[in-house]
Amino acid sequence: MRIGIIAMSRSGGYNLGQWISCELGYPYKHEPYIAGLNTDGADIVVKWLVAEWNEMKVMPEMDKWIGLWREDVRECAISHLKSYQTGKWREGYTITNEWITENETEIQKIQSAIEFANNEIPKISQIGFTITYEGIYNSGKDIQRLLEYLDIKEPKCLHLFDNSLRLRETSNKPKRKQLI
């Protein structure tokens, strides 16, 4: 089965792709348009950025499409800007109030771009299923829906969704919780 994910950066798409890959045993390709990765193959998981999707001339054939976004666009923008500034997209980070104040103008610009992308995702006709970062990591309500959509009966990799594994370090980082 070929599974496609379309998401904004810093919305949990990398982790979602890793999780599906772990559950189904399929290879995972992350942002192939930018990285120049081949997405051929019968069983594969591929995550595209919304911006990549809009640039592509030929849309890939996939068996299932998942649209993912982050409802909290401010947190997404903060995370995006910090990762962009440091060049560290998969490592933990800390944000201070001073950093937010110093970067407020840029955060607001990025928020606008994220809001635009979030509005674009539901317009992509190929997407048959949508979830949110918050529905996976905060409430967990989208996890069972995702298991059903992908027909995963006995999940073995749910630990990848544990909300204590978030990259942003905070004093009130969520404690481990039951996922489903």
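1. **The loop at Arg10.** Arg10 lies in the loop between strand E1 (2-7) and helix H1 (13-24). In this predicted model, the phi angle of Arg10 is near 65°, a positive value in a residue other than glycine. The relative accessibility of Arg10 is 11%, so Arg10 counts as buried.

2. **Glu31 and its salt bridge.** A positive phi is also found at Glu31, at about 50°, although Glu31 is not a glycine. Glu31 sits in the loop between E2 and H2 and is buried, with a relative accessible area of 16%. Its carboxylate is paired with Lys47 in a salt bridge, in which the closest N and O atoms are 2.8 Å apart. Lys47 belongs to strand E3 (residues 44-49) and Glu31 to the loop between strand E2 (28-30) and helix H2 (32-35), so the pair ties together parts that are 16 residues apart in sequence. Lys47 also counts as buried, at 2% relative accessibility.

3. **Other salt bridges.** How many salt bridges does a search of the whole structure find? The search finds eight. One of them joins Lys123 to Glu120, with the closest N and O atoms 3.4 Å apart. Here the two partners differ in their surroundings: Lys123 counts as exposed at 59% relative accessibility, whereas Glu120 counts as buried at 18%.

4. **A network in helix H8.** The side chains of Arg145 and Asp142 meet in a salt bridge of 2.6 Å, N to O. The two residues are three apart in helix H8 (residues 141-149), and are therefore separated by about one helical turn. The general rule is that an α-helix has 3.6 residues a turn, so residues three or four places apart point the same way. Arg145 is partly exposed, with a relative accessible area of 35%, while Asp142 is buried, with a relative accessible area of 1%. Salt bridges that share partners join Lys141, Asp142 and Arg145 into one network.

5. **Leu147 in the same region.** Leu147 is also found in helix H8. At 3% relative accessibility, Leu147 counts as buried. Leu147 and Glu23 are 124 residues apart in sequence, but their C-alpha atoms are 9.7 Å apart in space.

6. **A buried lysine without a salt bridge.** Which side chain of opposite charge is nearest to Lys82, and how far away is it? The nearest is Glu102, at 8.5 Å; Lys82 is buried yet has no salt bridge. For a student, the cut-off is useful here: a salt bridge requires the nitrogen and the carboxyl oxygen to lie within 4 Å. Lys82 has its place in helix H4 (residues 73-86). Leaving aside residues up to four places away in sequence, Lys82 touches Tyr93, Thr94, Ile95 and Trp99.

7. **Helix H6.** Helix H6 (residues 104-120) contains 17 residues and reaches 24 Å from its first C-alpha to its last, close to the 24 Å expected at 1.5 Å a residue. The buried residues of H6 are Ile107, Ile110, Gln111, Ile114, Ala117, Asn118 and Glu120. Against which elements do the buried residues of H6 pack? They pack against helix H3 (50-55), strand E4 (64-69), H4 and helix H5 (97-102).

8. **The nonpolar cores.** The largest nonpolar core has 27 residues, and those with the most contacts inside it are Ile6, Trp65, Trp99, Ile107 and Ile114. E3, H3, E4, H4, H5 and H6 are the elements that give two or more residues to this core. H4 gives the most, with five residues. Ile6 can serve as an example: not counting residues up to four places away in sequence, its contacts include Trp48, Val50, Trp53, Trp65, Ile66 and Leu68, as well as Ile121, Ile124 and Ile127. Apart from this core lies another, of 25 residues, among them Tyr28, Leu68, Tyr137 and Ile152.

9. **Confidence in the model.** The protein averages a pLDDT of 87, and 90% of the residues score at least 70. Over residues 170-174 the pLDDT is below 50; beyond near neighbours in sequence, this stretch has seven contacts in the model. Where pLDDT is low, the predicted coordinates should not be read in detail.

How values were computed. Residues are numbered from 1 along each chain as its sequence is written. This is a predicted model: local features need pLDDT of at least 70, side-chain atom pairs count only at pLDDT 80 or more; totals for chains, interfaces and linings use all residues. Side-chain values use heavy atoms; hydrogens and water are left out. Helices (H or I, at least four residues) and strands (E, at least two) are DSSP runs, numbered from the N terminus. Buried means under 20% relative accessible area, exposed over 50%, partly exposed in between (1.4 Å probe, protein chains only). Lys and Arg count as positive and Asp and Glu as negative; His and the chain ends are not counted. Contact means heavy atoms within 4.5 Å. The expected span of a helix is 1.5 Å times one less than its number of residues. A nonpolar core is a set of buried Ala, Val, Leu, Ile, Met, Phe, Trp, Tyr and Cys residues joined through side-chain atoms within 4.5 Å. pLDDT is the predictor's confidence in each residue, from 0 to 100.
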